[in-house]
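Hi everyone, thanks for coming. I'd like to walk you through one structure today, so please have the sequence and the model open in front of you.

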Amino acid sequence: MQAYRAPLWLPDGHTQSIYPALFRKIPLTHSHSERMELPDGDFLDVDWHMRSEALHEKPLLIVSHGLEGSSRRHYVTGLIRAMPEVNALAWNYRSCSGDPNRNLRFYHSGATDDLDFVIQQAVARGVKDIYLAGFSLGGNLSLIWLGENAKKASQFVRKAVAFSVPLHLSSSSQQLTRWENRLYTHRFLQTLLEKVTEKSARYPMDITPSMLTSIRSLYDFDNVITGPLHGFKDAEEYYERNSSLYFLADIQVPTLIVNAKNDPFLSQECLPEQIDSDFVRIELPDSGGHCGFYPRNYRGQTWAEQRAAAWFNGN
């Protein structure tokens, strides 16, 4: 298919990222929602979009959203709408459905245990063919799962796609500290702090007021909260162990990664020209922004949605 071309009125990576995020609305009625109870006593809320009466009758598209996103984000519902020939499941990470999760832990860029649970639930219910799609953090999560579970994944995952992926978390974190990215970091940090403040009221011995007052940036949040809360020494250990760049060589199903060169979230390390893998293909459009790819001839679908549909359909 044709390479992405941005509208003239979206001239750079920032406008290409911000405009769809603020103004693109894709209301999509889901068949039903479900609260999946996890083995550790927590839960995941998922939305099912059923196009057949039974799960085994069509492939299942499983979509993973980005940082502080949800199953209702425009890029999630837009992709599902662009693929009417499959059933779809859009899942919310712990704390992302609107209800606080129960446990002390919540979600992070490498929390593949929850994605694995969702996939295993689908397989147990009769799904035979799975397509995986992930955006930003969800792309990183999906790629790690594919690498960690290469043999298992090849049994039922037919293809995967990931957009706007921070393949190297440490350098991407540094990228987000740049002055021009303060709008994004402020928005993310605001909602993350609201969640962890609520959590501190339930777990006062684990999340103290002094911890919260020390957080001034996303790096601080990962260093004080995300890392230690999920078993890592600090932010750098968390970043190093959960960067999907290190898992790509192990993937054994056809996988497409699309990262725009002008994505304000991504460092140069997230834009490798080549991947040493027979299964992983990377495309690096000159523009597109972060989870943007709003096209010149917009007719209800972004270029990313068209590209994903073409990939899953064999191109």
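Let's begin in a corner of this predicted model. The second largest cavity is lined by Trp 91, Tyr 93, Arg 94, Tyr 107, His 108, Ala 111, Asp 114, Leu 137 and Leu 141. By residue type, that lining splits into 6 nonpolar, 1 polar and 2 charged, and the volume of this second largest cavity is about 40 Å³.

How many cavities of 30 Å³ or more does the structure hold? There are 2. The largest cavity encloses about 60 Å³, and the residues around it include Arg 24, His 74, Tyr 75, Phe 135, Cys 291 and Glu 305. Two elements, α2 and α11 (303–312), each give two or more residues to that lining. Its make-up is 6 nonpolar, 3 polar and 2 charged residues.

Now for the sheet. In what order do the 8 strands sit? Reading across, you get β1-β2-β4-β3-β5-β6-β7-β8, an open sheet with mixed pairing. At the edges stand β1 (32–37) and β8 (280–283); each has a single partner strand, so one side of each is left without a neighbour in the sheet. On average, neighbouring strands are turned by 20° against each other, ignoring direction.

Let's zoom in on one pair. Strands β3 (residues 60–64) and β5 (residues 130–135) run parallel and are joined by 5 bridges. If you want a spot to click on, Ile 62 has Leu 132 in β5 as its bridge partner.

Two helices lie across this sheet. Helix α3 (residues 112–124) lies across β1, β2, β3, β4 and β5, at about 165° to β3. Helix α4 (residues 137–148) lies across β3, β4, β5, β6 and β7, at about 135° to β5.

On to the pockets. Which residues lie nearest the centre of the largest pocket? They are Leu 67, Ser 136, Phe 188, Phe 265 and His 290, out of 37 that line it. This pocket holds about 810 Å³ of space. Helix α7 (182–202) is among the elements that supply at least two lining residues, and α7 gives the largest share, 5 residues. The whole lining divides into 22 nonpolar, 11 polar and 4 charged residues.

The second largest pocket has about 250 Å³ of space. Of its 13 lining residues, Gln 2, Pro 295, Asn 297, Trp 303 and Gln 306 are the closest to its centre. Here the split is 6 nonpolar, 4 polar and 3 charged.

That's my tour, and I'm happy to take questions!

How values were computed
Residues are numbered from 1 along each chain as its sequence is written. This is a predicted model: local features need pLDDT of at least 70, side-chain atom pairs count only at pLDDT 80 or more; totals for chains, interfaces and linings use all residues. Side-chain values use heavy atoms; hydrogens and water are left out. Two strands pair if DSSP finds at least two bridges between them. Helices (H or I, at least four residues) and strands (E, at least two) are DSSP runs, numbered from the N terminus. Axes are lines fitted to C-alpha atoms, for helices over the stretch in contact, and angles run from 0 to 180 degrees between N-to-C directions. Contact means heavy atoms within 4.5 Å. On a 1 Å grid over the protein atoms alone, a cavity is a set of points where a 1.4 Å probe fits but cannot get out, and a pocket is an open set with protein on both sides within 12 Å along at least five of seven lines; lining residues have an atom within 4 Å of a point. Grid points are joined across faces, edges and corners, and a volume is the space filled by probe spheres set on the points. Ala, Val, Leu, Ile, Met, Phe, Trp, Tyr, Cys and Pro count as nonpolar, Asp, Glu, Lys and Arg as charged, and the others, Gly among them, as polar.
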